[in-house]
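Here is a short briefing to read alongside the model. Please keep the structure open as you go, and follow the strands and helices topic by topic.

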Amino acid sequence: MAKTTKRTQKIRDGLDVNKLYDLSEAVGMIKERATAKFDETIEVAMNLGVDPRHADQMVRGVVNLPNGTGRSVRVAVFARDAKADEAKAAGADIVGAEELVEAVQGGQIDFDRCIATPDMMPLVGRLGKVLGPRGMMPNPKVGTVTVDVTAAVNASKGGAVEFRVEKAGIVQAGVGKASFDTKAIEENIRAFTDAVQKAKPAGAKGNYVKRVAVSSTMGAGIKIDPSTLASA
């Protein structure tokens with residue numbers, strides 16, 4: 001059996017693993033326990049009552065966090081001509097067409113999020129096996145296939161977070177940093193959980209949100225009382 005370190009013991013001290021905490025109390029506990037030497041990411045995980053193997057139970061979407069994510073996001077845009085110029089002006093880190101597709105096919109992925117104009121999708125579609133497993137494939141449902149390149153780049157840079165349910169019925173995402181004040185973290189968590197609630201698929205039956213937990217990168221998970229997640 002692995003030995004529990006003093007740091008782990010301190011993180012778990014006073015934490016009731018069976019209790020459902022009020023959101024404000026949980027965020028305060030997470031911040032107190034985020035003692036790593038780097039600015040830990042605050043993460044939310046939601047266990048949903050869906051089976052994503054069925055198309056009518058897939059949960060997917062995007063949410064703009066009101067206080068950003070606290071991380072620098074490198075954005076690539078697949079575009080040509082005027083739209084390529086628009087993307088550069090909006091602050092995209094990488095812009096290209098055929099040459100960018102070739103680079104990605106060759107394994108050169110120097111970005112965190114990618115956007116494409118509709119006319120580029122016949123080319124970008126070839127990258128499904130490369131970008132799909134990374135959750136980076138442009139998709140009109142989450143606003144990453146669009147003619148409004150400026151808005152898409154600004155959203156990506158400003159705190160847009162994509163979410164997609166995993167095979168086990170779990171949706172999770174980073175929603176800020178431990179250095180954020182408590183109110184900012186709470187607002188981001190509420191925005192994320194509200195977006196997941198609104199993305200409830202038609203095929204979902206029974207209890208949609210089963211469990212919600214929040215944690216920091218190096219911290220323990222704390223269960224949240226879902227009734228405290230409603231926007232104030």
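**Strand E2 and its partner**

Let's begin with strand E2 (residues 60-64), which has two contrasting faces: Gly61 and Val63 make up the covered one, while Arg60, Val62 and Asn64 make up the uncovered one. Please bear in mind throughout that this is a predicted model.

- E2 runs antiparallel to strand E6 (residues 160-164), and five bridges join the two.
- Within this pairing, the residue standing opposite Val62 is Glu162 in E6.
- Val62 itself belongs to the uncovered face of E2.

**The four-stranded sheet**

- Four strands form an open sheet in the order E7-E1-E8-E9, and their pairing is antiparallel.
- Strand E7 (170-177) and strand E9 (222-223) are at the edges with a single partner strand each, so one side of each has no neighbour in the sheet.
- Strand E1 (residues 41-48) and strand E8 (residues 209-216) are joined by seven bridges, again in the antiparallel sense.
- One place to look in this pair is Ile42, whose bridge partner in E8 is Ser216.
- As general background, strands of a sheet pair through backbone hydrogen bonds, in either a parallel or an antiparallel way.

**Helices on the sheet**

- Which strands does helix H2 (residues 23-33) touch as it packs on the sheet? The strands touched by H2 are E1, E8 and E9, and the helix direction makes about 30° with that of E8.
- Helix H8 lies across E1, E7 and E8, and runs at about 155° to E7.
- H8 spans residues 182-198 and includes Thr193.
- Is Thr193 buried or exposed? With a relative accessible area of 4%, Thr193 is buried, because that value is under the 20% cut-off.
- Beyond its neighbours within four places in sequence, Thr193 is in contact with Val44, Met46 and Leu229.

**Helix H4 and its surroundings**

- Helix H4 covers residues 98-105, and its buried residues are Leu100, Val101 and Val104.
- Viewed down the axis of H4, these buried residues fall within an arc of 105°, so they line one face of the helix.
- The cover over the buried residues of H4 includes two strands, E3 (75-78) and E4 (94-96).
- Helix H5 (121-124) and helix H6 (128-131) are also among the elements that cover them.
- Just after H4 comes Gly107, which takes a positive phi of about 95°.

Key
Residues are numbered from 1 along each chain as its sequence is written. This is a predicted model: local features need pLDDT of at least 70, side-chain atom pairs count only at pLDDT 80 or more; totals for chains, interfaces and linings use all residues. Side-chain values use heavy atoms; hydrogens and water are left out. Buried means under 20% relative accessible area, exposed over 50%, partly exposed in between (1.4 Å probe, protein chains only). The arc is that of the directions from the helix axis to the C-beta atoms. Contact means heavy atoms within 4.5 Å. Two strands pair if DSSP finds at least two bridges between them. Axes are lines fitted to C-alpha atoms, for helices over the stretch in contact, and angles run from 0 to 180 degrees between N-to-C directions.
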